[in-house]
Amino acid sequence: MRDMAPQPQTLGADIRALRRSRGLTLHDLAGQLNKSVGWMSQVERDMSDPSVADLRALARILNVPLSMLSTKKVLHQDEEGYVVRHHNRRSIGRDIEGLTEELLSPDLTDPFEVVYSHFAPFSRIKMPVTRDTQEVGYMVSGALDLTISGCEFTIHKGDSFRIRGEEFSWANPYKEPAIAIWVIAPPVY
C-alpha cells in the first residue's frame with residue numbers, strides 16, 4: 001500500500017514545480033543559467049545547493065521574487081506539507097505597488113496554489129493581466145473593483161469571483177485595504 005503522507009517539500013521540488021509550470025525543460029533552464037543539465041538535475045533533487053547568484057538568476061528566469069526561493073521555516077517536521085503558520089508564509093508575486101501576496105499553500109508542487117492578497121487603499125494595477133489559468137477568489141474584507149473581459153464588478157466582503165484565462169485588472173479606490181484569497185490553477189508563482 002502506498003504511503004499517502006506528503007513528502008517533505010524542498011527548494012529543489014519548488015524549483016522543479018516552477019520550471020514545469022512555465023513549460024521549461026531541464027535543458028531549457030540549465031541553458032538559460034549557463035549550467036549543465038546534470039547540475040540542474042542535482043539542484044532539483046537537492047543533491048547540490050545553488051549559490052546566491054544562482055538563486056537570483058533562477059528567480060529572474062522563473063519570474064518570481066527571490067524570497068520565493070528562500071529556505072522555508074518549519075517549526076515542527078510533522079507539519080511540513082500540511083500546515084503553513086501565519087509567520088512562515090512566503091512572499092510571492094510580482095512588484096506591483098499596493099499589492100502584497102503570500103503563498104498559503106504548503107509548497108509549489110500541487111496543480112493549484114492558494115494565495116493571500118492584500119490590496120492597499122487607493123492602489124491599482126497599471127496594465128491588465130491575462131494568464132492561461134483558472135482562478136477563483138473570495139473577498140475576505142474590504143472591496144475591490146475588478147474588470148474581467150471588459151465587464152466591471154465591485155467585489156465586497158463575502159463575495160467570490162472567477163477568471164478563466166480572461167484579461168483582468170483590479171483597483172482598490174477605497175479607504176480600507178482589501179484582502180482576498182485566490183485559488184489559481186495551474187500555479188503561476
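A nonpolar core is a set of buried Ala, Val, Leu, Ile, Met, Phe, Trp, Tyr and Cys residues joined through side-chain atoms within 4.5 Å. In this structure, which is a predicted model, the largest such core has 41 residues, and those with the most contacts inside it are Leu29, Leu33, Met40, Leu58, Leu69, Phe119 and Trp182. The largest share of this core, six residues, is supplied by helix 4. In soluble globular proteins, nonpolar side chains tend to be buried together.

Leu33 offers a way to look at this packing in detail, for, when residues up to four places away in sequence are left aside, Leu33 touches Trp39, Met40, Asp54, Ala57, Leu58 and Ile61.

From here the reader can turn to helix 1, which spans residues 11–21. Gly12, Ala13, Asp14, Ile15, Ala17, Leu18 and Arg19 are buried in this helix, and the buried residues of helix 1 pack against helix 2, helix 3 (37–44), helix 4 (52–62) and strand 1 (90–92).

Charged residues also join helix 1 to another part of the chain. Side chains of opposite charge can pair when their charged atoms come close. Glu44 forms a salt bridge with Arg16, with the closest N and O atoms 3.6 Å apart; because Glu44 lies in helix 3 and Arg16 in helix 1, this pair ties together parts that are 28 residues apart in sequence. Glu44 also forms a salt bridge with Arg19, where the closest N and O atoms are 2.6 Å apart, and, since Arg19 belongs to helix 1 and Glu44 to helix 3, the parts tied together here are 25 residues apart in sequence. Arg16, Arg19 and Glu44 are thus linked in a network of salt bridges.

How exposed or buried are the members of this network? Glu44 has a relative accessible area of 3%, and because buried means under 20%, Glu44 counts as buried. Arg16, at 22% relative accessibility, counts as partly exposed, while Arg19 is buried, as is Glu44.

A search of the whole structure finds five salt bridges, and one of them joins the side chains of Arg131 and Glu135 at 2.8 Å, N to O. Both Arg131 and Glu135 are buried.

Finally, the chain leaves helix 1 and enters the loop that leads to helix 2 (26–33), and Arg22 is placed in this loop. Arg22 is partly exposed, with a relative accessible area of 25%, and its side chain reaches the backbone oxygen of Leu62 at 2.7 Å. Although Arg22 and Tyr189 are 167 residues apart in sequence, their C-alpha atoms are 9.5 Å apart in space. Gly23, just after helix 1, takes a positive phi of about 70°.

Terms used
Residues numbered from 1 in each chain as written. Predicted model: local features only at pLDDT ≥ 70, side-chain atom pairs only at ≥ 80, totals over all residues. Heavy atoms only, no water. Helix = DSSP H or I, 4+ residues; strand = E, 2+ residues; numbered from the N terminus. Buried < 20%, exposed > 50% of the residue type's maximum accessible area, 1.4 Å probe, protein only. Polar contact = N/O pair within 3.5 Å; in protein donor to acceptor, adjacent residues only side chain to side chain. Contact = heavy atoms within 4.5 Å. Salt bridge = Lys/Arg side-chain N within 4 Å of Asp/Glu carboxyl O.
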